[in-house]
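Here are my notes on this model, as numbered points. Please read them with the structure open.

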Amino acid sequence: MKNAACFVALVGLCALACLPQVRAAAAQEAPRWTTESVLKMMDKSASDFHSLTADIEHIKYTDVVKDTSTET
């Protein structure tokens, strides 16, 4: 049991030692998402957006009376 606890502690320390490197790599790859940048992307995409269609099915189930209604 003592060996298992030592092993877990060693793995935890190794993970903590690697954490700054993982954060640095993630920061380099991930874009900075701000409210303004997202709104600018939406404005840019809106000029090409003309219409939208979808097939939607709404299923409503009432457990008390065991009733199911479906709308499409």
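Where is the place of Lys66? The points below start with the whole chain and then come to this residue.

1. Overall make-up. The model is predicted. The protein chain has two helices and two strands. Counted from the N terminus, the order of its elements is α-α-β-β.

2. Surface. The protein chain has 72 residues, and buried residues make up 0% of them. About 7300 Å² is exposed by the chain. Carbon and sulfur atoms supply 62% of that area.

3. The strand pair. Strand E1 covers residues 58-62, and strand E2 covers residues 67-71. The two run antiparallel. Five bridges join them. One residue pair to look at is Thr62 with Asp67: Asp67, in E2, is the bridge partner of Thr62.

4. The loop. Back to the opening question: Lys66 sits in the loop between E1 and E2. The hairpin formed by these strands has four residues between them.

5. Backbone at Lys66. Most residues other than glycine have a negative phi. Lys66 is not glycine, yet its phi is positive, near 55°. Please check this residue in the hairpin of E1 and E2 when you view the backbone.

6. Accessibility of Lys66. Is Lys66 buried or exposed? Its relative accessibility is 60%. The cut-off for exposed is over 50%, so Lys66 counts as exposed.

7. Lys66 in short. This residue lies in the E1–E2 loop, has a positive phi near 55° and counts as exposed.

Note on methods:
Residues numbered from 1 in each chain as written. Predicted model: local features only at pLDDT ≥ 70, side-chain atom pairs only at ≥ 80, totals over all residues. Heavy atoms only, no water. Pairing = 2+ DSSP bridges. Buried < 20%, exposed > 50% of the residue type's maximum accessible area, 1.4 Å probe, protein only. Areas by Shrake-Rupley, 256 points an atom, 1.4 Å probe, with all protein chains shown as cover.
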